[in-house]
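Reader: I would like a close look at how the helices of this model are packed. Please take the helix pairs as the main subject and treat the surrounding features as they come up.

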Amino acid sequence: MTSVLLIGECDQNGEITQATLQAITAAMGLDDPRITAVFPGRPPELAKRLPIDSIVIASEVTDSDDGIFEQATADISSLLLAKKPDVILLSKSDLGSIVGARLAFRADIAFVPDCLEISNSKGQLTVIRPVYGGSALAEFIVPSYPAVVTLRPGSYYPADEDGAPSIDSIEFQNVEPSALVVDTVAEVREGIRLEEAKVVVSGGRGLGGPEPFSVLENIADELGGAVGASRAACDAGWIDHSHQVGLTGKSVSPDVYIAVGISGASQHMAGCSSSRAIVAINTDPDSNIFREARFGVVGDWENVLPSFLDAVRELKA
Ligand SMILES: Cc1cc2nc3c(=O)[nH]c(=O)nc-3n(C[C@H](O)[C@H](O)[C@H](O)COP(=O)(O)OP(=O)(O)OC[C@H]3O[C@@H](n4cnc5c(N)ncnc54)[C@H](O)[C@@H]3O)c2cc1C
């Protein structure tokens with residue numbers, strides 16, 4: 001049996017983040033898992049339908065803890081003492097990275113950040129994480145529990161909300177904050193968030209310039225998806241860096257990832273390899289992307305995309 005304390009998170013709209021649902025999938029893959037989740041702040045209504053064993057309702061967490069996470073750290077630290085979990089699982093978010101490191105320090109236990117895969121057997125934890133700037137993946141063994149693990153978003157497919165966990169309420173001590181957030185500036189986003197999109201249409205250097213991204217946008221609109229890009233395309237100034245997928249960009253795990261004019265470098269794949277199906281459009285049949293893709297078209301995007309868009313519109317009509 002593996003007891004897991006999962007630190008869940010909600011987005012600005014109070015919805016459970018995809019990264020949290022992905023972390024649940026990761027936890028479900030551990031050996032005979034018993035999963036308890038806690039959502040710093042207010043747990044969303046939907047948490048009561050998660051496929052986990054229990055939820056701890058935190059009583060005293062205020063919005064002023066946003067971005068500082070002192071209260072969250074204190075609450076979760078006291079939960080560690082109460083629940084004694086084998087694995088403490090967080091997403092590699094601001095909260096996860098900050099609180100995860102603090103928890104491990106306070107409890108003097110292992111901190112294993114930025115993992116792509118996690119498994120365990122016989123009291124040993126095995127994780128896979130990128131090394132050498134993402135040029136390689138390495139397997140690490142954590143020889144004993146407990147350990148704090150952060151998971152890179154997009155590494156697992158999100159769990160469905162189809163459970164009925166028991167609800168536990170615990171009184172937490174209020175913490176005097178040592179700092180206060182005086183202002184926050186939200187990133188302005190249009191359309192579907194890249195990390196949440198079920199379809200991502202990504203373009204790379206093979207597009208040759210910024211204009212073709214409008215074709216990708218049309219396709220993404222038709223499919224209800226979002227536009228991504230390789231770092232080469234972002235560095236060239238063809239599209240904003242907020243669209244970058246990969247090791248130093250965003251991690252995505254859509255149902256379908258369409259890579260257009262992208263070679264499939266390991267640093268790019270680090271951000272999209274957990275997609276359910278990758279579709280590649282590339283002129284070079286030896287391009288690495290075809291090793292990763294489930295479906296591929298060897299061809300020039302200029303010939304392939306217009307008929308692809310027509311076909312999508314026809315199917316939708
Ligand atoms: C530390 C580090 C971090 C990095 N982080 C990231 C990251 O987060 N994300 C990322 O993407 N990269 C990242 N990179 C860069 C990465 O190594 C690659 O250089 C980059 O992904 C290449 O982008 P690309 O596939 O668009 O370009 P290229 O590798 O140049 O590939 C272009 C592809 O387009 C094809 N093509 C050309 N013309 C056409 C056409 N008309 N129609 C169809 N196909 C065509 C070509 O055959 C080729 O396969 C990182 C690198 C380092 C060192």
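Author: What follows goes through the helix contacts, then the loops beside them, and then the shell around the ligand. The model is a predicted one, and its local features are described only where pLDDT is at least 70.

Two packed helices are described by the angle between their axes and the distance between the axes. For helix α2, residues 70-83, and helix α3, residues 94-107, the axes come within 10 Å and cross at roughly 45°. Angles under 35 degrees count as roughly parallel and 65 to 115 as roughly perpendicular, with the rest, short of the antiparallel range over 145, called oblique; α2 and α3 are therefore oblique to each other. The crossing in which α2 passes α3 is right-handed. On the α2 side the contact is formed by A72, T73, I76, S77 and L80, and on the α3 side by L95, V99, R102, L103, R106 and A107. By character, the residues of this contact comprise seven nonpolar, two polar and two charged.

One of the α2 residues in that contact, A72, can be followed further. A72 belongs to helix α2, and A72 counts as buried because 26 other C-beta atoms lie within 10 Å, where 20 or more are needed for that label. A72 also brings together separate parts of the sequence, since I7 stands 65 residues apart from A72 along the chain while the C-alpha atoms of the two are separated by 9.7 Å.

The loops that follow these two helices each hold a residue with an unusual sign of phi to report. In the loop between α2 and β4, residues 87-91, lies K84, whose phi is near 45°, a positive value in a residue other than glycine. K84 is exposed, because 11 other C-beta atoms lie within 10 Å and the label applies at 12 or fewer. In the loop between α3 and β5, residues 110-115, lies D108, with phi near 55°, again a positive value in a residue other than glycine. D108 is likewise exposed, with 6 other C-beta atoms within 10 Å.

A second pair is formed by helix α4, residues 212-223, and helix α8, residues 301-316, whose axes come within 10 Å and cross at roughly 20°. That angle makes α4 roughly parallel to α8, and their crossing is left-handed. From α4 the residues P212, V215, N218, I219, E222 and L223 meet W301, L305, F308, L309, V312, R313 and K316 of α8. The residues of this contact divide into nine nonpolar, one polar and three charged.

Helix α1, residues 18-28, is mostly covered, with nine of its 11 residues buried. Those buried residues are Q18, A19, T20, L21, Q22, A23, I24, A26 and A27. They pack against strands β1 (2-7), β2 (33-38), β4, β6 (117-121) and β9.

Strand β1, one of the strands against which α1 packs, includes T2. T2 is partly exposed, with 18 other C-beta atoms within 10 Å, a count that falls between the limits for exposed and buried. Leaving aside its neighbours within four places in sequence, T2 is in contact with L30, D31, D32, P33, D86, V87 and N120. T2 and L90, which are 88 residues apart in sequence, lie 16 Å apart in space, C-alpha to C-alpha.

Strand β9, also named in the packing of α1, spans residues 147-151, and the loop between β8 (136-142) and β9 contains P146. The peptide bond that leads from Y145 to P146 is cis, with omega near -5°.

The ligand, finally, is surrounded by 29 residues, of which the closest are G204, G206, S230, R231 and G246. Helix α5 (231-235), helix α6 (266-269) and strand β14 (277-282) each supply at least two residues of this shell, and the largest share, three residues, comes from α5. Sorted by character, the shell holds eight nonpolar, 17 polar and four charged residues.

Key. Residues are numbered from 1 along each chain as its sequence is written. This is a predicted model: local features need pLDDT of at least 70, side-chain atom pairs count only at pLDDT 80 or more; totals for chains, interfaces and linings use all residues. Axes are lines fitted to C-alpha atoms, for helices over the stretch in contact, and angles run from 0 to 180 degrees between N-to-C directions. Helices (H or I, at least four residues) and strands (E, at least two) are DSSP runs, numbered from the N terminus. A crossing is left-handed if the near helix is turned anticlockwise from the far one by less than a right angle, and right-handed if clockwise. Two residues are in contact if their C-beta atoms, placed from the backbone, lie within 7 Å. Ala, Val, Leu, Ile, Met, Phe, Trp, Tyr, Cys and Pro count as nonpolar, Asp, Glu, Lys and Arg as charged, and the others, Gly among them, as polar. A residue is near a molecule or strand if its C-beta atom, placed from the backbone, lies within 6 Å of it.
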